[in-house]
Amino acid sequence: AAQLQQRVALGRALAPAPRVLLLDEPLSALDLKLRKEMQIELKRLQTETGITFVFVTHDQEEALTMSDRVAVLSAGRLMQVGAPAEIYEQPANRFVAEFIGDANFLPATCVSVNVQGAVFRFDGATDAAAPVQLPDSAGCRPGAKAVLVVRPERVALVPVQQAQLLGEVRGTMYSGSDLMLHCALADGTALRVRLAGAVDRAALSGTVGFSFAPHAVRAFAA
């Protein structure tokens, strides 16, 4: 019934052929399966009609999957506008990184700056430092504190000899397509790791090594 009501409401809204259609939380009353079906239907309608849809939602996944461009607002202020991949992969600030998708926030210290970016040492790490290019807002200088942001799916399990960080797995959550690891680094910092496919559970015991590519990290001032 809810899906039928949504279709009827959409038909009435589209009948006058408006140039812009505002959809304010249109799928919030539907269960997960119906919501997914209506997402496909809405994208099909937008493509066929060519009408600009302004889609308002608090569902971060929905914002990424439904949009050609995403605008992130906080307290009435525009935080960032961009393509979904840009918003997710290159958040403009910590708020956007926290609001869109899962992210780890790792305290670090800037140890040097060069023409390519900045080199950081993770607080609590033994001898590892990950080079990352700072955004202008970070204001990095040697000795400055920062927060490095990395998505759970960008973290890899590696042998401890090759690790940037060491820790242990405290718990797991299986969701069918992937396995989320809830970990703690040596200094107690929480780290989430999302692994796809089957995982050898024996590799999750004891001290575990973590690593990630420099391009997968964003840096912001602490």
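Me: Which residue in the turn of the β10–β11 hairpin has a positive phi of about 95°?
Reply: Three residues separate β10 and β11 in this hairpin. The model is predicted, so local features need pLDDT of at least 70 and side-chain atom pairs pLDDT 80 or more, while totals for chains, interfaces and linings use all residues. Numbering runs from 1 along each chain as its sequence is written, and side-chain values use heavy atoms, with hydrogens and water left out. The turn residue with that phi is Gly 176.

Me: How many bridges join β10 to β11?
Reply: Both strands are DSSP runs (E, at least two residues; helices are H or I, at least four; numbering starts at the N terminus). Strands count as paired if DSSP finds at least two bridges between them. β11 covers residues 178-185 and runs antiparallel to β10; one of the contacts puts Glu 168 with Ala 184 as its bridge partner in β11. The bridges joining β10 to β11 number seven.

Me: And β13: which residue there stands opposite Leu 166?
Reply: β10 spans residues 165-174, and β13 spans 208-211. They pair in the antiparallel sense over three bridges. Opposite Leu 166 you'll find Gly 209.

Me: OK, on to the empty space. Which element gives the most to the lining of the largest pocket?
Reply: On a 1 Å grid over the protein atoms alone, a pocket is an open set with protein on both sides within 12 Å along at least five of seven lines, a cavity is a set of points where a 1.4 Å probe fits but cannot get out, and lining residues have an atom within 4 Å of a point. Here 25 residues line the largest pocket, and Phe 55, Val 56, Ser 67, Arg 69 and Val 70 lie nearest its centre. α2 (32-49), β2 (52-56), α3 (60-66) and β3 (70-74) each supply at least two lining residues. The top contributor, with five residues, is β2.

Me: What volume does that pocket have?
Reply: Its lining has 14 nonpolar, seven polar and four charged residues. Volume means the space filled by probe spheres set on the grid points, which are joined across faces, edges and corners. For the largest pocket, that gives about 700 Å³.

Me: How many charged residues are in the lining of the largest cavity?
Reply: There is one cavity of 30 Å³ or more, and the largest holds about 90 Å³ of space. Its lining includes Glu 89, Arg 151, Arg 154 and Arg 218, while α4 (84-89) and β8 (145-150) each supply at least two of its residues. Asp, Glu, Lys and Arg count as charged, Ala, Val, Leu, Ile, Met, Phe, Trp, Tyr, Cys and Pro as nonpolar, and the others, Gly among them, as polar. Next to five nonpolar residues and one polar, the charged count is four.
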